[in-house]
Amino acid sequence: MSALSELSRLRRRGAPASKSPAERNDGKAALFFLGPWFIGLLVIVAGPLAASFYLSLTDYNLLSSPTFEGLANYQALLTDAQLRKALQVTFTYVFVSVPLQLAAALGLALLLDRGLRGLAVYRSVYYLPSLLGGSVAIAILWRQIFGTEGLVNQVLWWFNDIQPFFHIQTQGWVSNPDTALGTLMILNVWTFGSPMVIFLAGLRQIPEMYYEAASIDGASRWRQLLKITLPLLTPIIFFNLVLQVINAFQTFTQSYIVSGGSGGPVDSTLFYTLYLYIQAFTNLNMGYASAMAWVLLLIVAVMTALNFFLSKYWVFYND
Amino acid sequence: MTTHLITPSRRTFLTAGVGAGAMAAMLAACGRGDAAPNSGGGGTGTGDDGGGGGPITMRTALWGNADRAQLYEEAAAMFAETLEEDVTFDMSFAELGPYLERLATTAAANDLPDVFFMRDTHVGWYGQSGSLLDLTPYLGDIIQTDQIGDAAIGDGTVGEGVYALPTHYVGQALFYDVEMLQEAGIDGTAITTWDDLAEAARAAHGVREGIVGLDDPTMDNATQRFLEAYIRQAGEEVFTPEGGIGFSEDTIGSWLEFWHQLRSDGVLTPPDVSLENDAAGVAGSMIATNRCALALMSTNHYVQVLPVTQNELALASLPVLPDGTEDWWFFPPILICAGANTQHPEIAAGLINFLVNDTAAGEHTLLNQGAPSSAAVRDAILPLLDDGQRAFVEQISREQEYPRRPFPVRPEGSEEVNASIGRNSTAVAYGQMSVSDAASAIVAESKAAMGGA
């Protein structure tokens, strides 16, 4: 007898002979309340997902009917030089700006965790950039700040004026291909408020007795940080890392606004999502853009899986 | 364990069902806006062209700002007053980029506006796909063509059909600061060749503190019209009529080399400043803000620059290659077309005719989109224009007298070609690429974008 049939037999044996009217009504109520969500899942999520996957197998320019061409779009991805550039830009951004952002968030959370008066105000103020950082307004502001006559250059001009020893060359930081991506990384680091709040919550969960015991044993604050705070905070660091990596892979608005939708100068801010958008809505290569979307999903899934796999080597769960 | 879920009774279920139905009806009403019973919303109205079908609402769309939208909505209302039917034109507008994206998605849903403006860069795609109404049956009947000529019909011809017509034309021009060139000892009216331009730029650079000789036009990511002029002067085309690449590596190389030399001489706008100016728009351009002595601009920008500039600016034709072709002249058209899905093709054709040919429409909209394509409209509005506006129209009129070979409609993939030219030109400007490498890359990438043609 197979395992499946055995399982089926056990279920039949365990099941009641018949459901009561109240239980049947419970089932209907569950269906009634789940129905809208289930319809939403099918229509808003599953349907477009399936359509997107089908379109990724077609040549589709939005204006004519899609024509099936198998894996041609995926094959074209392999030889697309601009896609390679977009991947390079995106991975550089993720690998540099996310650790810096988390370090800034953790550093400030540690400072704020020292029982400051008016903590709620500080927390709100520092959280604000997280709400605004992805907005069009801030991207425009960033373009101004790092422009040829922006705030950064004005400070540098002033600095060059007041001392004769170091002359810092000013330039349009956003419009220079060597520095444009750096300005967007700074913008991402600036939006440290969201992980900072989570770090603060995590710090509050660490029992005070560990620090008291360490103090009695003569451990310095630095040693307490390394031996108590950071190990016990690793689940929170891991949580923030996963969220921020996924978030960074989806960066779009900042590069779209700062580069005027081109990913320039010289593709230096051509994020993966921006290149996908250009393919879809500027070049009208919707089939190709759909294939790109699925590859992005795969990349994010692999990166997340990798994070989870590596977490067993450095994340300490106190249970 | 007993669960205490609230079980909906038959009554509550029915009540909820009725409520959901009412909500759905309200949402549907919201989705359709305040469309009249015979609304043409989405080109799906049911009113007939013969009259007697009740009020008709037709959708129109253009790119630009609210002022332009209002101007054209008023012009459309003037046309509506001439109709027997009760027609309302509902105007929507957006900046160019979002406008084109919106058009693409509405075309995918077969929901294009009834009448809308179209870029010459995209008419080939839309015409080929069957998204646009073929205006051929209405030419010479509802739509008069005697004042716009065959070249205008060619601007909207894709394959066998005429899918759009130009309401206006723009062109390419040289703007120069009269006083700065005088101080540099240069006669602006004598700049006729590219070498003349380079000489003037070198002379005018630094004529006043911080003044740049010539603004750098090579990093523009949009349409690369100046390069297109240069390519046509060299006897080539950016795109062939068959939809392939029509320019050579030598020609694009000589264009990049021309600008590279000027950049090496230090008389061009620095690349970072140049890119920032692209984002600042016409009013923030180097020439409008009196930071350079010479600039290549779209001819129609002259009327936008004059009100904001402090200095006296003059308008001249684009420089030419001394041994180049004489029939290179071209004038990017501002096209108007109708969605193939319109329920009122004759009214749509009538509105197109009105905006192309009617002097009342021309007198109302003046030069908002360029110089009118109709010679009669152009003549009619001349007395209404100020000196700067008249200079713009007269330059377009004068240049249109020159011989012109056909201006091929831009094929699918043209946006990728423009992006490639802009990207590689910028790399040259920043010293990240040699001129020869950039020319090779542009040709290779452009051919790839056009499917190897």
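Helices (H or I, at least four residues) and strands (E, at least two) are taken here as DSSP runs, numbered from the N terminus. The model is predicted: local features need pLDDT of at least 70, side-chain atom pairs count only at pLDDT 80 or more, and totals for chains, interfaces and linings use all residues. Residues are numbered from 1 along each chain as its sequence is written, and chains are lettered from A in the order in which they are written.

By this numbering, A:Gly218 follows just after H10(A) and adopts a positive phi of about 90°. Helix H10 of chain A spans residues 208–216, and 0 of its 9 residues are buried; a residue is buried if 20 or more other C-beta atoms, placed from the backbone, lie within 10 Å of its own, exposed if 12 or fewer, and partly exposed in between.

The helices numbered on either side of H10(A) pack against each other. The axes of H9 (residues 193–205) and H11 (residues 221–249) of chain A come within 9 Å and cross at roughly 165°, the axes being lines fitted to C-alpha atoms over the stretch in contact, with angles from 0 to 180 degrees between N-to-C directions. H9(A) is therefore roughly antiparallel to H11(A), a term for angles over 145 degrees. From H9(A), the contact (C-beta atoms, placed from the backbone, within 7 Å) draws on A:Pro195, A:Ile198, A:Phe199, A:Gly202 and A:Leu203. H11(A) contributes A:Leu233, A:Ile236, A:Phe239, A:Asn240 and A:Gln244. These residues comprise 7 nonpolar, 3 polar and no charged, where Ala, Val, Leu, Ile, Met, Phe, Trp, Tyr, Cys and Pro count as nonpolar, Asp, Glu, Lys and Arg as charged, and the others, Gly among them, as polar.

Chain B contains 17 helices and 13 strands. Of its 453 residues, 50% are buried.

Where the chains meet, 30 residues of chain B are in contact with 26 residues of chain A. On the chain B side, helices H3 (96–108), H4 (123–129), H10 (271–280) and H16 (414–429) each supply at least two residues. That side divides into 13 nonpolar, 9 polar and 8 charged residues.

The largest nonpolar core (buried Ala, Val, Leu, Ile, Met, Phe, Trp, Tyr and Cys residues joined through C-beta atoms within 7 Å) has 106 residues, of which B:Leu165, B:Ile336 and B:Ile352 touch the most other members. Helix H4 (residues 81–112) of chain A gives the most to this core, with 10 residues. A second, separate core of 76 residues includes B:Ala234, B:Phe239, B:Leu294 and B:Val303.

Note on methods
Contact = placed C-beta atoms within 7 Å. Parallel < 35°, antiparallel > 145°, perpendicular 65-115°, else oblique.
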